[in-house]
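Please open the model in your viewer and keep the sequence panel beside it, since each stop on this tour begins with a selection.

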Amino acid sequence: MRNNNYSIVYVDDDQFESQYIERMFQFQGYNVHSYSNVDDVLNDVNKGKLEGVNCFLVDIILPNQSGLFLISELEKNPEFSQTPKVIYSGVDENLVSLMT
């Protein structure tokens, strides 16, 4: 199945994982916009570079700003308030409990 008209924004600061996920989606025919931090995503949103994006896939733990912050900012934007957003974490739950 080819999804050439479907665009995904993928945000993760793990370069290895980002490359893997990006290739996986591209192999399935998706257009992928990859980012490693929240600021770059928001800059491109403000410049209109992400018009027509169909889904945001966001790591919860990112440098400088969390993925939750990005999701809340996207919810405020009329263009993306209805766009599906998936937030995830690859962090071990034992590590998370140590961090809180």
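Begin with the whole chain in cartoon view, where the secondary structure of the protein chain comes to 4 helices and 4 strands, and follow it along the sequence to read the pattern β-α-β-α-β-α-β-α. Please bear in mind throughout that this is a predicted model. If you colour by burial, buried residues make up 37% of the 100 residues in the protein chain, and if you switch on the surface, the accessible area comes to about 6400 Å², of which 50% belongs to carbon and sulfur atoms. Turning to contacts between residues at least 6 apart in sequence, 73% of them join residues at least 24 apart.

Next, select strand β3, residues 55-59: all 5 of its 5 residues are buried, so the strand is largely enclosed by the rest of the structure. In a regular strand, side chains alternate between the two faces of the sheet. Show the side chains of β3 and you will find C55, L57 and D59 on one side, with F56 and V58 on the other, and both faces covered.

Keep β3 selected and add its partners in turn. Strand β1, residues 7-11, runs parallel to β3 and is joined to it by 4 bridges; to see one pairing, pick Y10, whose bridge partner in β3 is L57. Strand β4, residues 85-88, is likewise parallel to β3 and joined to it by 4 bridges, and here D59 stands opposite Y88. Now trace the chain from β3 through helix α3, residues 67-76, to β4, a β-α-β crossover that is right-handed.

Which residues have the most contacts inside the largest nonpolar core? Select V9, V11, V41, L50 and L70, which hold that place in a core of 16 residues. The elements giving two or more residues to this core are β1, α2 (38-46), β3 and α3, and α2 gives the most, with 4 residues. In soluble globular proteins, nonpolar side chains tend to be buried together.

Centre the view on L50 and display its surroundings: leaving aside residues up to four places away in sequence, L50 touches V9, H33, Y35, V41, D44, V45, E79 and F80, and of these V9 and V41 also appear among the core residues with the most contacts.

For the last stop, select I21, F25, Y30 and Y88, which are included in a second, separate core of 8 residues. You have met Y88 already, as the residue of β4 that stands opposite D59.

Terms used:
Residues numbered from 1 in each chain as written. Predicted model: local features only at pLDDT ≥ 70, side-chain atom pairs only at ≥ 80, totals over all residues. Heavy atoms only, no water. Buried < 20%, exposed > 50% of the residue type's maximum accessible area, 1.4 Å probe, protein only. Pairing = 2+ DSSP bridges. Right-handed = clockwise from strand over helix to strand, strands pointing away. Core = buried A, V, L, I, M, F, W, Y, C linked by side-chain atoms within 4.5 Å. Contact = heavy atoms within 4.5 Å. Areas by Shrake-Rupley, 256 points an atom, 1.4 Å probe, with all protein chains shown as cover.
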